[in-house]
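Grab a pencil and keep the viewer open. Try each task on your own before you read the solution under it.

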Amino acid sequence: MKEKIFTIPVDDAFDSGCECPVCYMKRELENAAVEYTMGPSYMEDDIRAKTDELGFCEKHIKDVYNCENRLGFALVMKTHMDRVIADISKKAQEPVKGKKLFSKVQPNGISDYTKELNTKCFVCERIEDTFKRYIDTIIYLYKQDESFRKKYNECKGFCTQHYGILIEEASSKMSGQILNDFVEQTNRLYLENMKRVRDDVEWFINKFDHKYADEPWKNAKDSLTRAMIKTASVLPEEEKKKK
């Protein structure tokens, strides 16, 4: 199948050699969204209104800070904090209400507001729709493109989170033999490659035993960073630099 614009990021991810191509795609999206946040866009009123409303999750606020645009970061933080202060100040004026006898009494709306705020993030929201389209593209290419199907079946597997997402999405978008093939291959890829990395971690442990001191490291030296990808969908700095 001829490569199309919407398939390029997926093909690039599966060509990357990453322990989870889906993590690779997501990190590329995150990098672009973070750079966008701290680029000229932070001076645009509509973008600032969204960052004021949503703020950032724990992970992405660190990424935004690490862009080293200190003035931009300060402006975004200041106006977001203005928004939160204004919202909380308004809610703090509302009557205190208890639900039932002996139940905890909380200022009306404040708890719900803070819980909701802690689930929002400008970067997460910006990449969510595109990430879903990337997953759909993987399913589409597997069904339609034999060369991609071969590439998929030869990749290094997936992290646990994205393995589950692929199985779930395939079940709703495929049927019949192609679904059976996809699930079978995805199960195989996940388990074989999880065991491969597990074995590398085991050899890493063995190297701390004097009995194995003179043995080669094999593929164990970077096994801990690869285990982080497999188990927690975390691309360490070493993996990011490979891009």
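Below are six exercises with worked solutions, all on a predicted model.

**Exercise 1: the first helix**

Find out which residues of helix α1 are buried, and on which side of the helix they sit.

*Solution.* Start by picking out helix α1, which covers residues 8–15. Next, apply the cut-off: buried means under 20% relative accessible area. In α1, that gives you V10, D11, A13 and F14. Now look down the axis: these residues cover an arc of only 160°, so they lie on the same side of α1. A general rule helps here: an α-helix has 3.6 residues a turn, so residues three or four places apart point the same way. Then ask what lies over them: the cover includes α2, α7 and α8, the last of these spanning 146–153. Finally, step past the end of the helix, where G17 follows α1 with a positive phi, near 80°.

**Exercise 2: two helices that cross**

Work out how α2 and α7 cross, and what kinds of residues make their contact.

*Solution.* First locate the pair: α2 is residues 21–37 and α7 is residues 122–144. Their axes come within 9 Å and cross at roughly 145°. The handedness of this crossing is right-handed. Now list who meets whom. On the α2 side you'll find V22, M25, K26, L29, E30, A33, V34, Y36 and T37, and facing them on α7 are F122, V123, R126, I127, T130, F131, Y134, I135 and I138. Sort them by class and you get 13 nonpolar, two polar and three charged residues.

Let's zoom in on one of these residues. T37 belongs to helix α2. At 2% relative accessibility T37 counts as buried, because the cut-off for that is 20%. Leaving out residues up to four places away in sequence, T37 touches Y42, F56, V64, F122 and V123.

**Exercise 3: a second partner for α7**

Describe how α7 packs against α10.

*Solution.* Begin with the geometry: the two axes are 11 Å apart, at an angle of about 115°. Here too you can name the hand, and the crossing of α7 and α10 is right-handed. Then collect the residues: α7 brings I139, Y142 and K143, while α10 brings I178, D181, F182 and Q185. Sorted by class, the contact has four nonpolar, one polar and two charged residues.

**Exercise 4: the core**

Which residues have the most contacts inside the largest nonpolar core, and which element gives the largest share of it?

*Solution.* The core holds 48 residues, and V22, I138, Y152 and F158 are the ones with the most contacts inside it. Next, check where the core comes from. Elements giving two or more residues to this core are α1, α2, α3 (45–54), α5 (70–92), α7, α8, α9 (160–173) and α10 (176–206). The largest share is from α7, with 10 residues. As a general point, nonpolar side chains in soluble globular proteins tend to be buried together.

Now take F158 and trace its contacts, again skipping residues up to four places away in sequence. Among them are F14, V22, Y152, L166, L189 and K230.

**Exercise 5: unusual phi values**

Where do K218 and S233 lie, and are they buried, partly exposed or exposed?

*Solution.* Start with the background: most residues other than glycine have a negative phi. K218 isn't a glycine, yet its phi is positive, about 55°. You'll find K218 in the loop between α10 and α11, where α11 is 223–232. With a relative accessible area of 59%, K218 is exposed.

S233 isn't a glycine either, and its phi is positive at about 60°. S233 comes just after α11, in the loop that leads to α12 (237–241). At 23% relative accessibility, S233 is partly exposed. Back inside α11, the buried residues are S223, T225, R226, A227, I229 and K230.

**Exercise 6: one in a helix, one in a loop**

Decide whether F73 and E154 are buried or exposed.

*Solution.* F73 is in helix α5, and at 14% relative accessibility F73 counts as buried. Beyond its neighbours within four places in sequence, F73 is in contact with M38, I61, V64 and Y65. E154 sits in the loop between α8 and α9, and a relative accessible area of 57% makes E154 exposed.

Key: Residues numbered from 1 in each chain as written. Predicted model: local features only at pLDDT ≥ 70, side-chain atom pairs only at ≥ 80, totals over all residues. Heavy atoms only, no water. Axes fitted to C-alpha atoms, helices over the stretch in contact; angles between N-to-C directions. Helix = DSSP H or I, 4+ residues; strand = E, 2+ residues; numbered from the N terminus. Left-handed = near helix turned anticlockwise from the far one by under 90°. Contact = heavy atoms within 4.5 Å. Nonpolar A, V, L, I, M, F, W, Y, C, P; charged D, E, K, R; others polar. Buried < 20%, exposed > 50% of the residue type's maximum accessible area, 1.4 Å probe, protein only. Arc of directions from axis to C-beta. Core = buried A, V, L, I, M, F, W, Y, C linked by side-chain atoms within 4.5 Å.
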